[in-house]
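Reader: Before accepting any label given to a protein model, I should like to see the reasoning behind it. Would you take me through the terms in turn?

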Amino acid sequence: MDLVRLHNMLAPGASGIEALHTIDDFRAAAKRRLPRMVWDFVDGGADGEIAVSANRRALDDVLFSPRFLVDVSEREQTTKIFGEEVRTPLILSPSGLATVVHPDGEVAVARAAADAGVIFGVSTASGYTMEEIAEASSGRLWFQLYLWKSEEVVQSLIARARNAGYEALIVTVDVPVVGKRERDLRNGMSLPVRVRPRNAFDAALRLPWLWRMLNGPEITFASLTDIAPGDDASSIGEYASRELTDPARTWDDLALIRKAWDGPLLVKGVMNADDAVAALAAGADGIIVSNHG
C-alpha cells in the first residue's frame, strides 16, 4: 500500500500530508486518529501479549551482513510465487475487520495491493464479502480459511473462494480456541461495535472516525451473513465466537480440504518442523510461519 493512500485512509480530508517515513510513524498517526478500543483491537494480542513482544524481539535480532563494491546500479525485486510474477516479494497477511478502521476497509487494501503489485490475503473475518473484495481488485488474491466446526461451512467457503477467482487457499491452524484478547475485554470491544459510556469521551475526540462509523456500512463479518443464523452484527459475532474453531480437527481434515481445493494450498500457523512436514504430507504447497500474536 503506498504511503499517501494509507495516510488518506487514516486521515481523509486532511489539509496536508504529515511526514510519515517509518512503520512507527504510521502507528503513531493511527493511534492519534483511532479511539482506544479500535487502536487496541488493531495493535493488541492475546493474553499478556508475550508472543507479540517475543516476535518484536526476534525481528530486532535479525541482522544483515552487507557486501560492498558490487554493481547494484540495476536492481530487480520481481520474483515468482506459485509460478506467477509479483513486482514486490511481499504478501499482505489476512487481517479481519479492516472496516473498523475505515469504511473502505479491505476494498481499499485490495486496490492498493493491486497497484503495488503484491498479493493480498483476504480474511474470512473481512468487513466486506470475499466476492465484493474480488470484484474491486485487479490483483492476485488468496483466501484465508478457518477450520470451522461445520464441515458444510468449510466446504461452502471453499466453493465461494473458487467461484470468486481466488488463486490460493490459506488454512489457519493455530486457533484451536479463540484467543483471550485482554485489551478488547477491558474496552468492551465486540460486534456490533458500540461506543459505550466508558469510551464515549475518547471516541468523541476522534470525530472523523466517529462520523465515518455512524455513516458507513455496518461493521460485521460480511462473508458470514448468509451462514450465521441471524443477519445482524450481534448474531454473526456470536456465531463466529461459538463456531469459529474446532479443537478436534487433525491433519486428516487438511487432507480433505486438499481434495476439495485444486489450487495452491498454504497452512498458516506453523511453528515447528514436525508440523511443517505434516502439512506437506497432507497436501500443502507451502507454509506460513506464524503464531497469531
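Author: The following exchange sets the values of this predicted model against the definitions of the terms used.

Reader: What makes the overall dimensions of the chain agree with those of a compact globule?

Author: For 293 residues, the expectation for a compact globule is a radius of gyration near 19 Å, and the chain has 20 Å, so the two agree. Along the principal axes, the C-alpha atoms fill a box of roughly 60 × 55 × 40 Å. The accessible surface comes to about 16200 Å², and carbon and sulfur atoms account for 55% of that surface.

Reader: How do you know what part contacts between distant stretches of the sequence play in the chain?

Author: One takes the contacts between residues at least 6 apart in sequence and asks which of them join residues at least 24 apart; the share is 65%. A contact here requires heavy atoms within 4.5 Å. As for burial, 44% of the 293 residues count as buried.

Reader: How many charged side chains are there, and how far apart do the centres of the two sets lie?

Author: There are 31 positive and 41 negative side chains, with the centres of the two sets 5 Å apart.

Reader: What secondary structure does the chain contain, and which strands form the open sheet?

Author: The chain holds 13 helices and 8 strands. The open sheet consists of 6 strands in the order E3-E4-E5-E6-E7-E8, and its pairing is parallel.

Reader: Why are strands E3 and E8 called edge strands?

Author: Strand E3 (91–92) and strand E8 (286–289) each pair on one side only, and they are the edge strands of the sheet.

Reader: How do you know that E7 and E8 are paired?

Author: Pairing requires at least two bridges, and 4 bridges join strand E7 (residues 265–270) to E8, so the two strands pair. They run parallel, and Val-267 stands opposite Ile-287 in E8.

Reader: Do the same criteria place E5 with its partners, and how many bridges does it form with E4 and with E6?

Author: Strand E4 (residues 119–122) pairs with E5 in the parallel sense over 3 bridges, and Gly-121 has Trp-142 as its bridge partner in E5. Strand E5 (residues 141–146) pairs with E6 in the parallel sense over 5 bridges. There, Phe-143 has Leu-169 as its bridge partner in E6. Both counts meet the requirement of at least two bridges, and therefore both pairs qualify.

Reader: What makes strands E5 and E6 count as mostly covered?

Author: In E5, 6 of its 6 residues are buried. Leu-141, Phe-143 and Leu-145 point one way, Trp-142, Gln-144 and Tyr-146 point the other way, and all are buried. In strand E6 (residues 168–172), 5 of its 5 residues are buried. Both faces of E6 are covered, with Ala-168, Ile-170 and Thr-172 on one side and Leu-169 and Val-171 on the other.

Reader: Why is Val-154 called buried, and what does it touch?

Author: Buried means under 20% relative accessible area, and Val-154 has 1%, so the term applies. Val-154 lies in helix H7 (residues 151–163). Leaving aside residues up to four places away in sequence, it touches Leu-145, Tyr-146, Trp-148, Arg-249 and Ile-257.

Reader: Is Ala-30 buried or exposed, and which helix holds it?

Author: Ala-30 has a relative accessible area of 10%, which is under 20%, and is therefore buried. It is found in helix H2 (residues 23–33).

Reader: Which residues of helix H3 are buried, and what covers them?

Author: In helix H3 (residues 36–43), the buried residues are Met-37, Val-38, Trp-39 and Asp-40. Their cover includes H2, helix H8 (182–187) and helix H10 (207–215).

Reader: What makes the phi angles of Glu-49 and Leu-69 worth noting?

Author: Most residues other than glycine have a negative phi. Phi of Glu-49 is near 60°, and Leu-69 has a positive phi of about 55°. Glu-49 is in the loop between H3 and helix H4 (50–60), whereas Leu-69 is in the loop between H4 and strand E1 (79–81).

Reader: Why is Glu-49 called buried and Leu-69 exposed?

Author: Glu-49 has a relative accessible area of 14%, under the 20% limit, and so counts as buried. Leu-69 has 91%, over the 50% limit, and is therefore exposed.

Conventions. Residues are numbered from 1 along each chain as its sequence is written. This is a predicted model: local features need pLDDT of at least 70, side-chain atom pairs count only at pLDDT 80 or more; totals for chains, interfaces and linings use all residues. Side-chain values use heavy atoms; hydrogens and water are left out. The radius of gyration is taken over C-alpha atoms; the globule rule is 2.2 Å times the number of residues to the power 0.38. Buried means under 20% relative accessible area, exposed over 50%, partly exposed in between (1.4 Å probe, protein chains only). Accessible areas come from the Shrake-Rupley method with a 1.4 Å probe; for residues, only the protein chains shown count as cover. Lys and Arg count as positive and Asp and Glu as negative; His and the chain ends are not counted. The place of a charge is taken as NZ of Lys, CZ of Arg, CG of Asp or CD of Glu.
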